[in-house]
Structures are given as structure tokens and as C-alpha cells.
Amino acid sequence: MIPALETLNLVKRFGGFVATNDVSLSITQGARHALIGPNGAGKTTLINLLTGVLAPNGGQVLLGGEDITALPAHARVGRGLSRTFQINQLFGDFTPLDSMMLAIGERKGHGRIAWRPLSADREVADEAAALLERFRLADVMATATTLLPYGKQRLLEIALAIATRPKVLLLDEPAAGVPEEERHEVLGIVRELPADVTVVLIEHDMDLVFSFADRISVLVAGALFAEGTVGEISKDAQVKAIYLGEDA
Ligand code: ADP
Ligand code: MG
């Protein structure tokens with residue numbers, strides 16, 4: 001079977017510093033794949049290379065077997081590769097309902113045609129309401145996004161990414177910065193993401209990683225250090241040493 005997402009000998013340098021060191025990674029269709037590693041290991045850089053935010057110095061990115069290395073970020077979203085939106089920058093003044101209708105309208109190719117109010121489109125409105133319901137945002141869908149609790153903002157970011165109907169969804173620490181009492185809701189949504197969407201999750205919470213992932217890749221100093229099932233990685237002495245070393 002063709003992998004959902006693949007990198008071949010990917011390299012990214014910042015000046016003389018190698019942030020991504022010859023990474024060849026294969027993500028199976030429908031996988032729940034976790035990417036872990038100490039701070040500064042190059043996890044976010046790798047996501048930026050996958051989404052087209054950064055251009056690599058070498059190597060390739062393949063989506064469903066097609067080389068997308070030269071495609072700009074928006075074209076990759078169009079092909080089914082999504083990451084969470086940065087709502088703090090993009091959608092802060094909007095309500096979750098506005099944002100969701102825009103995201104769905106864009107996917108349907110409606111664009112932002114001023115004379116055609118999105119609210120007139122029942123299909124879009126119904127889909128938006130259903131998605132907001134599924135992501136536990138129904139009760140706050142008319143509240144300005146900036147006024148929402150942090151956990152709800154994170155849920156909206158994931159919901160907006162799902163609205164683009166991705167084949168592959170990349171989540172970079174979805175619960176980072178979320179207060180403890182709101183974390184379980186965000187992590188619950190991550191666990192319940194649609195089974196047909198391939199998910200790559202970067203996460204520090206090992207309980208979540210081990211309950212979520214079917215496969216784990218460990219990145220250390222820009223390079224792949226280990227890869228395996230949850231059982232294999234959780235028992236790996238060298239991986240343990242890295243995390244214990246970080247905690248100490
Ligand atoms: P992680 O997400 O695993 O914590 P990052 O990918 O954010 O790690 O960073 C990996 C390394 O690359 C770090 O040492 C970081 O300082 C460096 N780095 C990331 N982005 C840049 C950049 N734009 N310019 C220079 N160095 C960068
Ligand atoms: Mg990071």
C-alpha cells in the first residue's frame with residue numbers, strides 16, 4: 001500500500017545548524033502516528049517542511065505517493081494535507097460559527113463573494129453546526145473566538161482543520177498551553193478524530209501518546225532515533241534514557 005505521507009532523506013539547515021538530518025519517514029494510510037522527542041529535536045521544523053511553510057535543503061516529501069516537495073502550502077491543503085489553523089491570528093474577531101462557515105465555504109470553492117451571504121447557504125450552515133456540535137463547541141458558536149477558554153480555542157483549531165476534509169492531519173502539541181482542567185476535553189477530541197483521517201501527532205503527554213498512537217517515531221537532534229509500536233517504544237531503554245535525562 002502507498003504510504004499516506006512519506007519523507008525521503010529530508011534535510012533542513014538553519015545556517016550551519018542541521019535541524020532536520022536525513023529524515024526518511026513513512027506514515028501508513030489511516031495511521032495514528034506519534035512523533036516524539038526532546039525539546040529542540042526538530043519536530044516542528046519537520047511539520048513545517050511537510051506543510052510547505054519551510055523549504056528543505058534536500059530530500060523529498062510525498063503525499064499519497066506524489067512528490068509535493070515543490071508545492072506551496074495552500075496547494076498542499078488542497079491535496080488533503082492539513083495542520084491546525086492559528087486562530088489567534090486568523091479568526092480572533094470571528095465567532096466559531098463564522099470561522100467554520102468560511103472554512104467550509106472555501107473548501108466548496110465559494111470564496112468570499114460579498115453578494116452571496118454564506119448564511120444563505122443552508123448546506124454550509126448545517127455542516128458548520130454539525131461539526132461544531134461534534135467538537136463540543138455548539139454552546140459557544142456565537143461567542144467571539146478571543147473570548148473563548150483556551151481549550152475551546154484549541155478545539156476550534158482542530159475542527160477547522162477537519163472542515164477542510166484532510167486525508168492527513170498534522171497536530172503539533174494540540175493541548176500545549178491549555179490549563180489542566182480543560183486538557184481532557186482537547187485530548188478526548190484528538191482520540192475521537194475520524195478513523196479515515198491519517199493523523200500525525202506531536203505530543204509531550206506520554207499517556208496520550210501511548211493511548212492514541214499505533215506507531216511512534218522518536219526524533220533526536222534532527223534525526224530519526226527510533227521507530228516502532230507503542231509496545232516497542234515504551235520498553236526501549238535508550239528512548240527511556242532520553243526522556244529520563246530530560247526530566248532530570
Ligand atoms: P521541536 O519542535 O522538536 O522542539 P524545533 O523544530 O522547533 O524543535 O527546533 C529544532 C531546532 O531548530 C532548535 O534548535 C531550534 O532552535 C532550531 N530552529 C527552529 N527554527 C529555526 C529558525 N527559523 N532559524 C534558526 N533555527 C531554528
Ligand atoms: Mg515544537
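Which residue just after helix 4 takes a positive phi? In this predicted model, that residue is Gly 109, with a phi of about 80 degrees.

## Helix 4

Helix 4 covers residues 96-107. Its 12 residues, at 1.5 Å a residue, should span 16 Å, and the end C-alpha atoms are 16 Å apart, so expectation and model agree.

Many positions here are buried: Pro 96, Ser 99, Met 100, Met 101, Leu 102, Ala 103, Ile 104 and Gly 105. Their cover includes helix 5 (122-134) and helix 6 (150-163). As a rule, residues three or four places apart in an α-helix point the same way, because there are 3.6 residues a turn.

## The sheet

Six strands build an open sheet with mixed pairing. The order is 6-7-8-3-9-10. Strand 6 (81-83) and strand 10 (223-228) are the edges, each pairing on one side only. On average, neighbouring strands are turned by 20 degrees against each other, direction ignored.

Strand 3 (residues 32-36) and strand 8 (residues 198-202) run parallel and are joined by four bridges. Within strand 8, Val 199 stands opposite Arg 32.

## Helix 1 across the strands

Helix 1 (residues 43-51) lies across strand 3, strand 6, strand 7 (168-172), strand 8 and strand 9 (215-220). Relative to strand 6, helix 1 runs at about 140 degrees.

## Rings and charge

How many aromatic pairs are there? The count is zero, taking ring centres within 6.5 Å as the cut-off. A ring does meet a charge, though: the charged end of Arg 154 sits over the ring of Tyr 150, 4.3 Å from its centre.

Methods. Residues numbered from 1 in each chain as written. Chains lettered and ligands numbered in written order. Predicted model: local features only at pLDDT ≥ 70, side-chain atom pairs only at ≥ 80, totals over all residues. Heavy atoms only, no water. Helix = DSSP H or I, 4+ residues; strand = E, 2+ residues; numbered from the N terminus. Expected span 1.5 Å × (residues − 1). Buried < 20%, exposed > 50% of the residue type's maximum accessible area, 1.4 Å probe, protein only. Contact = heavy atoms within 4.5 Å. Phe/Tyr/Trp six-rings, centres within 6.5 Å; stacked < 30°, edge-to-face > 60°. Lys NZ or Arg CZ within 6 Å of the ring centre and 35° of its normal. Pairing = 2+ DSSP bridges. Axes fitted to C-alpha atoms, helices over the stretch in contact; angles between N-to-C directions.
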